[in-house]
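I sat down with this one over coffee and kept notes as I went. Here they are, in the order I looked things up.

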Amino acid sequence: MSSSAGSTVVVTGATGNVGTSVVRLLSQDPGVASVRGLARRMPQWSPPGTEWSAVDLASDRADLAERFTGADAVVHLAWAFQPTHDPAATWRTNVLGGIRVFEAVAAAGVPVLVHASSVGAYSPGPKDHAVDESWPTHGWPDAAYCREKAYLERTLDVFERDHPDVRVVRMRPAFLFKRESASEQRRIFGGRFLPGPLARPELLPLLPDVPGLRVQALHTDDAAEAYRLAVRSATARGAFNLAADPPLDAAVLGELLGARPVRLPRTAARSAVAAAWNLRLLPASPYLFDAVLRLPLMDCTRAHEELGWRPRWTATEVLEEFLEGLQRGSGLDTAPLRGRKVGGSATTL
């Protein structure tokens with residue numbers, strides 16, 4: 001997209017964790033004249049220059065091409081994490097909805113598509129060194145989240161072949177957190193009955209140290225800046241890894257929380273997660289737990305060099321802010337991010 005003023009950017013999933021940060025940064029960019037935010041539920045929150053439309057990507061009645069007409073770029077962020085017990089439901093929103101977005105981009109003649117892929121799209125990989133964007137993206141087949149992200153990677157392969165005139169960017173971020181996402185992510189992964197105040201470090205004297213549990217994190221606003229840079233770039237194409245240092249494992253988390261790591265066998269940890277999931281006490285599935293233990297660490301050199309992107313927060317600073325948000329029940333005035341008390345209804349992104 002050119003750097004001239006007057007650009008219009010459409011953002012799907014605009015009211016969620018990533019969407020709110022992307023919309024805010026784009027609305028502050030002098031080169032972006034307007035932002036069209038698409039979401040299932042209209043928000044009260046609305047930055048200057050933002051227009052909202054209620055759109056359900058799971059519905060084949062949504063005329064996305066009409067919504068995209070005249071746009072200079074589409075940033076596709078919409079994603080449903082739940083219900084994890086009904087993978088057909090998330091497939092309709094995530095995969096079929098994603099395909100509708102891609103088809104509408106082509107039909108409306110939008111020149112730029114920036115798609116939210118994920119570290120979850122990657123095949124199992126190393127935990128002792130980082131891999132670049134050439135690592136295979138076949139996901140972990142048992143986990144719906146990874147399976148769906150990997151499927152859309154293959155769909156985009158075909159889309160890029162058939163539409164070489166569209167500049168396609170695939171963002172593959174690590175786990176994304178910010179203060180305002182705390183209430184939503186508590187509901188999505190911990191369950192709506194998990195009290196946020198229990199996130200106080202002094203209540204966790206021992207920390208489970210599960211083999212393979214070494215992952216990367218990133219502040220959502222840092223990820224949003226990479227999306228903004230990709231939209232505003234004239235040349236950026238392909239995949240970009242996004243993560244902050246240091247990688248998070250039991251040693252790093254133990255120091256952050258003042259807790260002593262205690263080795264816990266992988267089978268024991270998984271059995272506990274599976275039992276809670278089967279009893280519907282925990283939304284996060286044991287299959288996603290399996291995938292997390294196998295995710296590779298990502299090398300972000302390409303984003304640094306080609307986008308000029310650098311994270312402002314370290315991974316430990318991200319977690320400190322997120323834990324503070326959990327304790328306070330932080331949120332934002334959108335349906336997915338709204339801060340709620342324990343027992344509030346679950347939401348999707």
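**Notes on a three-stranded sheet and its surroundings**

I started with a strand pair and found that the bridge partner of Leu-176 in S10 is Leu-218. S8 and S10 run parallel here, and three bridges pair them.

Before going on, I checked how far to trust the model, which is a predicted one. The mean pLDDT of the protein is 91, and 92% of its residues reach 70 or more. I flagged residues 341-349, where the pLDDT is below 50. Beyond near neighbours in sequence, that stretch still has 36 contacts in the model.

**The whole sheet**

Next I asked myself in what order the strands of this open sheet lie. The order is S8-S10-S12, three strands with mixed pairing. Strands S8 (175-177) and S12 (244-248) each have a single partner strand, so each has one side without a neighbour in the sheet. I also looked up the twist: neighbouring strands are turned by 35° against each other on average, direction ignored.

On the other pairing, S10 (residues 215-219) and S12 run antiparallel and are joined by two bridges. Val-215 of S10 stands opposite Leu-248 in S12. I then followed helix H11 (residues 315-328), which packs on the sheet and touches S8, S10 and S12. The direction of H11 makes about 75° with that of S12.

**Is S10 enclosed or open?**

I wanted to know how many residues of S10 are buried. Five of the five are, so S10 is largely enclosed by the rest of the structure. A reminder to myself: in a regular strand the side chains alternate between the two faces of the sheet. For S10 both faces are covered, with Val-215, Ala-217 and His-219 buried on one side and Gln-216 and Leu-218 buried on the other.

**Nonpolar cores**

The largest nonpolar core has 43 residues, and I looked for the members that touch the most others: they are Val-11 and Met-171. Helix H6 (residues 220-232) gives the most to this core, with seven residues. I listed the contacts of Met-171, leaving out residues up to four places away in sequence, and among them are Val-114, Ala-226, Tyr-227, Ala-230, Phe-240, Leu-242 and Leu-307. The list for Met-171 also includes His-115, Ser-117 and Ser-118. There is a second, separate core of 21 residues, which includes Leu-57, Ala-78, Phe-102 and Val-110.

**Val-18**

Val-18 sits in helix H1 (residues 17-28). Is Val-18 buried or exposed? Its relative accessible area is 11%, and the cut-off for buried is under 20%, so Val-18 counts as buried. Setting aside residues up to four places away in sequence, Val-18 touches Leu-77, Leu-176, Thr-220 and Tyr-227. So my opening residue, Leu-176, turns up again as a contact of Val-18. Val-18 and Tyr-227 are 209 residues apart in sequence, yet 9.7 Å apart in space, C-alpha to C-alpha.

**Ser-53**

My last stop was Ser-53, which belongs to strand S3 (residues 50-54). Which side chain does the side chain of Ser-53 make a polar contact with? The partner is the side chain of Arg-67, at 3.3 Å. Apart from residues up to four places away in sequence, Ser-53 touches Gly-37, Leu-38, Ala-39, Met-42 and Arg-67.

Definitions and conventions
Residues numbered from 1 in each chain as written. Predicted model: local features only at pLDDT ≥ 70, side-chain atom pairs only at ≥ 80, totals over all residues. Heavy atoms only, no water. pLDDT = per-residue confidence, 0-100. Contact = heavy atoms within 4.5 Å. Pairing = 2+ DSSP bridges. Helix = DSSP H or I, 4+ residues; strand = E, 2+ residues; numbered from the N terminus. Axes fitted to C-alpha atoms, helices over the stretch in contact; angles between N-to-C directions. Core = buried A, V, L, I, M, F, W, Y, C linked by side-chain atoms within 4.5 Å. Buried < 20%, exposed > 50% of the residue type's maximum accessible area, 1.4 Å probe, protein only. Polar contact = N/O pair within 3.5 Å; in protein donor to acceptor, adjacent residues only side chain to side chain.
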